[in-house]
Structure formats: structure tokens, C-alpha cells
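Reader: I am new to this structure. Please walk me through it, one question at a time.

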Amino acid sequence: MRPSIDSPKQKLILVEDDADLRQGLADYLRLYNFAVDEAASGAEFHAALRRGCYDVVIIDVNLPDISGFDLARHMAARGDVGVVVLTARNSRQDRVRGYEIGADLYLTKPVDSEELALAAWNLGLRVRRERESRAPAPPPAGPQRPAEAAPADAGARWVLDRPRQVLLCPGGISLPVSGNEAMFLEIMARHADHRLTRTDILRLYAADDGAADSRRLDVALSRLRAKARAAGVDLPLQIVRSAGIRLVEPIALV
């Protein structure tokens, strides 16, 4: 989708240590209705994050003070921003690594400016839709009796709190999850006694919301694993190559 002059601006940060390339890309992205911040290093990037939030981040891999892969992993684990890796490293191994850490897009230099802008814009639109879908609904007008959630098994080590979109883990660790990740965990929790193939999970995704998108499944699983690693948590999932996924411990739902 190409933005129009009336489209609301999206917030983007471009992390690139080559000043000329960064300035050229930033100027072009501004023509596409992005509000663009620039950073030449990981330190500048983190300083910008403390000042505001973004719809999309575009990150070069070769930065002077930190690996762009580490920045991309950190942002992907948050689950609330689109992550684009932009780099001259174009080997299959690097591309696979980029997607494993949760990047939404992996683009190689030299990049076509228009392609980058359109890809980033569409990614930002998707991120905003996901945020809106996770936002709590406004309270109904007039006095209402509060609904009671079904209590979780008191002895459960893992609990998916769907209203708050949090996975409660052993040791008192709370892992925030996106709507997509929560749907994946709920599917696994409801079929705890079965090993689900990729086809099974996609079919269940479609039954829930009409969209059987393999990319959604890949992103959900990748980001969940990245968040768990960052929190020092071992998810109760067993992935059997070419066979499917099963829970090794039950997940209670509330």
C-alpha cells in the first residue's frame, strides 16, 4: 500500500553509521510520510528509545559499538515494533540468522529506496493494526457486573493470562506476549495432549480468525523463543523436526 498525503505519519528510526547513506535514506523516507529519527550507533539508538517509541526500526548490522543483530533481537523480543535489517551482508547464513532473531524483513545493500520505503510503510501499518487489536476495549456504558475469568489450576506452573497478554512462568517470571503469540500459545494449550504439525496449527489459526498465514506462525514462534531466551526461560515446547510441536507441560488459560 502506498501512503497518501492524508495518511497519518508513522514513526521510524534509521540506525546506520554511514552518514551519507543515512541522510539520503532518511530524506527519502520522510517523503513517504515517515517521521524519521536517525542514529549512528547503538548508544544513540538506545538514547532515542528512551525518548519515544516507533512503529518501525531499520537497523544496519555493522555498527561501531554493537552488532545490529543484537539490536534487532532486542526489538523483536518487544513484539510491538516492525524490525527491518538493512546490511551489505547477503549470505544465506546471515539472512537466516536475521529471521531467526525475529526480523520482519532482511534487505541487502544497495537497496532500492522506493522498495525500502514501501516495505517499511506496509510493515508499520501491520504493526499498528496489531497494537489496536491488543488494546483493551472501552468499558461499556452504565453499571455492569464485572465478568469473572475462569480460575487457573492453582498448581499450574505455566499460565496464559489472555486479558493481560502475559505468559506467567515458573519462578514468578512474567513474559509479555503479542496477540499473535498468545493465539499460538492458546492453540497449544487447548491441544496439550497432541503433537501438532505445522499444518494442524495453521488450520487452527484459520479456524480462530480466518487467516492461515505461515509467516504469522513463524514470527510468533521466533519472537516467543527470543523473549524466553532474554528472560532466561525455557518454554514448555518440544519441537520435533519434520514432525511437529507439543507441550511438555500444560499451560493453564485464564
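Author: Contact here means heavy atoms within 4.5 Å. The model is predicted: local features need pLDDT of at least 70, side-chain atom pairs count only at pLDDT 80 or more, and totals for chains, interfaces and linings use all residues. Residues are numbered from 1 along each chain as its sequence is written, and side-chain values use heavy atoms, with hydrogens and water left out.

Reader: Which residues does R128 touch, not counting residues up to four places away in sequence?

Author: R128 sits in helix 5, residues 113-134. Helices are DSSP runs of H or I with at least four residues, strands runs of E with at least two, numbered from the N terminus. Leaving out residues up to four places away in sequence, R128 touches P8, K9, Q10, K11 and D55.

Reader: What is the length of the polar contact between the side chains of R128 and D55?

Author: A polar contact is a pair of N or O atoms within 3.5 Å; within protein, one must be able to donate a hydrogen and the other to accept it, and residues adjacent in sequence count only if both atoms are side-chain atoms. For the side chains of R128 and D55, the value is 2.9 Å.

Reader: Which element supplies the largest share of the largest nonpolar core?

Author: A nonpolar core is a set of buried (under 20% relative accessible area, 1.4 Å probe, protein chains only) Ala, Val, Leu, Ile, Met, Phe, Trp, Tyr and Cys residues joined through side-chain atoms within 4.5 Å. The largest one has 29 residues, including L167 and L185. Among the elements that each supply at least two of its residues are strand 7 and helix 8. The largest share, seven residues, comes from helix 6.

Key:
Buried means under 20% relative accessible area, exposed over 50%, partly exposed in between (1.4 Å probe, protein chains only).
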